[in-house]
Structure formats: structure tokens, C-alpha cells
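Colleague: Got a minute to go through this one with me? I'd like to start with the inside.

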Amino acid sequence: MHDIKQSFQIAGYNFHLWKTNPRVIMTFALAFVLCLMLSDKAVSLAKSYGTNMQILEAFVWTFGDANSIMISSLLLILLFADMPFISQGTPYFLCRTKRSLWVWGQVIYVVLATVIYTSFLLAVSCIICAPLSFPGNMWSETGALLGYSGVGVKIALPATVKTMEMSYPYQCAAVIFLLTTLYSLMMASVMLLFNLCKSQFVGVLSVFTLNLYGLLLNPQIFMTLLHLPLTMEYKANIAVGWLSPLNHATYYMHNFGYDNLPRIWMSAGVFGGIIAMNLLLISKIARKYEFHFLQLNE
């Protein structure tokens, strides 16, 4: 119990440094701008047609899209760029606790910071559409317009009929929140792993590479590269649904009972397995990590 308390104290110290860290302010400011830009499509549509919105729909339509998830996760690079968070307090903690506890303190900090970041995205999305919204757990007129009229495809909002027929707004938003958080945590764990075993530059590069892999692995590019006919489009869609981490984080790219895409629990298991494997490697590498305190500013 004392060991767990020490790890949380280390994580708390990292949060204490937020008030003097301009990168934290910049990360959340950019996240606010991102939500404002991405949510504007749905809000503008509702205003133009005089329809209402469910309070969580802006978050659902925005972060149910793979590109939005990727962009939001890339903003976390700014927040976590200095992993493994060596500061002036690090020598103090290393002298008074085990190195493994210090590492787990960093992991706890990353998990909590990621949850706070995703919660911020959710809160801002709700605030943006609040003047037009209602709290009931049912899809709005705007959602029906996006899903059934084809308008959602034209303005690049993933308001699919499958989403509305197989779920309700609160349940859908909870799953999207979970998938977005797990994807961001996977990226953060990969970044921390490469920061420890290589360098911060390699860590940032690994995140960009993994996101680029997910972005390029879509059915259209998949079919073009392999010169597949249009009759193979369904199989290409299934293949990228399983092979791309970004598609695992995308809500509508899942099996809701009538196709061969991964189910929600399968994607959560994939992310959980990758994160657990990364944490084991991080714990092992941290035992031999060389600290360089002379680089710290006075």
C-alpha cells in the first residue's frame, strides 16, 4: 500500500508542474480549437436546418471519425514530449523510493493525463452544441438528417445509420470515449518505450509512423496498392478493420452483429494487450535507464 502511495505521489508531482509548463496550456488550447473546428460542421448544419441536437452528438460525430481521433492523439505528443518526465524533483524521488515505483508513477501520470485530456474534448464538444441541445438519451433530428439523408457523407461526418440503430447517444459516447482513450494510451506507451530505449526524437517519430500507418491503411488505398477489383471492397474493408489500430479506435468500424469486423471488446482487448506489453518492456528497460540530471535548468 505504501508503494502505491509513493507512485501516486510521483504522479501528483508531475501534475503539480502543469502550472509552470506552457506546453500544457498550449495542448489544451489547441484541443479546444480542434473541437471548435470539428464540431462546427454539425452545429452549423443544425442551425441552417433549424433542428436540435443531443448533448453528446457533437462528440459522437466528431470523434467517431478516424481522422479526428488521429489528430487529437497527435496533440498529446506536445503534452508528453518530455517523457520520462525527468525534472528537478526526480533525484529526490529516486533517492527515497525504488526506480520501479518511479516508473509506475510516470505511467499513472500518463494514464490520468490522457483521461483528463479526453474528458476535456468531451466537455468542450458538449459546451459547443449546448445552446441547441437536449439531454435525453435519444438521437436528435440533426442526427437523423445526417444519417438517413446522406448529408453526413457530404460534410464528412460519420453519422451512419448503423450507429443510430445499434446504440443510444450515452452508450455510444461512452464507447467512443473508451476507444479514443485506449488509442491515445497506446500511442503514449509506445512513445515512452522508445523514449527510454532510444531517444525523445525516436519516440515522437514512432508515434507519427504508427499514425501514418493507420491513416494509409484504408480500403481505398489498400485496394489500389494490391490492384483489387471493386468486388473485393468488402473484404478490403474487413482486412483494414482488423489490421489498423486507428480503425480499432473508430466506432463504426466494428461488428454490430452482421459483419466480420472486430467487436468493441476485441478492439479494447487489442489495445489493452499492446499497452500491457509496452508497460512490461518499459519496466524492464527502466532498470537500466541512465539519468542525466546535468541537463536540467536551474
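Modeller: One cut-off before we start: buried means under 20% relative accessible area. Also, this is a predicted model.

Colleague: Fine. Is helix 10 largely enclosed or not enclosed by the rest of the structure?

Modeller: Of the 29 residues of helix 10, 22 are buried, so the helix is largely enclosed by the rest of the structure.

Colleague: And what should helix 10 span at 1.5 Å a residue?

Modeller: The expected value is 42 Å, and the end C-alpha atoms are 42 Å apart, so the two agree.

Colleague: Now the largest nonpolar core. Which residues there touch the most other members?

Modeller: Phe 80 and Tyr 183, out of 70 residues in that core. Several elements give two or more residues to the core, among them helix 1 (2-16), helix 4 (66-80), helix 6 (99-129) and helix 15 (264-286). Helix 10 gives the most, with 14 residues.

Colleague: What is Tyr 183 in contact with, leaving aside neighbours within four places in sequence?

Modeller: Ile 69, Ser 73, Asn 211, Pro 245, Leu 246, Ala 249 and Phe 271.

Colleague: Different topic. Where is Thr 114, and is it buried or exposed?

Modeller: Thr 114 sits in helix 6. Its relative accessibility is 0%, so Thr 114 counts as buried.

Colleague: What does the side chain of Thr 114 reach?

Modeller: The backbone oxygen of Val 110, at 2.7 Å. Not counting residues up to four places away in sequence, Thr 114 also touches Leu 76, Phe 80, Thr 181, Ser 184 and Leu 185. Phe 80 came up before, as one of the two core residues that touch the most other members.

Definitions and conventions. Residues are numbered from 1 along each chain as its sequence is written. This is a predicted model: local features need pLDDT of at least 70, side-chain atom pairs count only at pLDDT 80 or more; totals for chains, interfaces and linings use all residues. Side-chain values use heavy atoms; hydrogens and water are left out. A nonpolar core is a set of buried Ala, Val, Leu, Ile, Met, Phe, Trp, Tyr and Cys residues joined through side-chain atoms within 4.5 Å. Buried means under 20% relative accessible area, exposed over 50%, partly exposed in between (1.4 Å probe, protein chains only). Helices (H or I, at least four residues) and strands (E, at least two) are DSSP runs, numbered from the N terminus. Contact means heavy atoms within 4.5 Å. The expected span of a helix is 1.5 Å times one less than its number of residues. A polar contact is a pair of N or O atoms within 3.5 Å; within protein, one must be able to donate a hydrogen and the other to accept it, and residues adjacent in sequence count only if both atoms are side-chain atoms.
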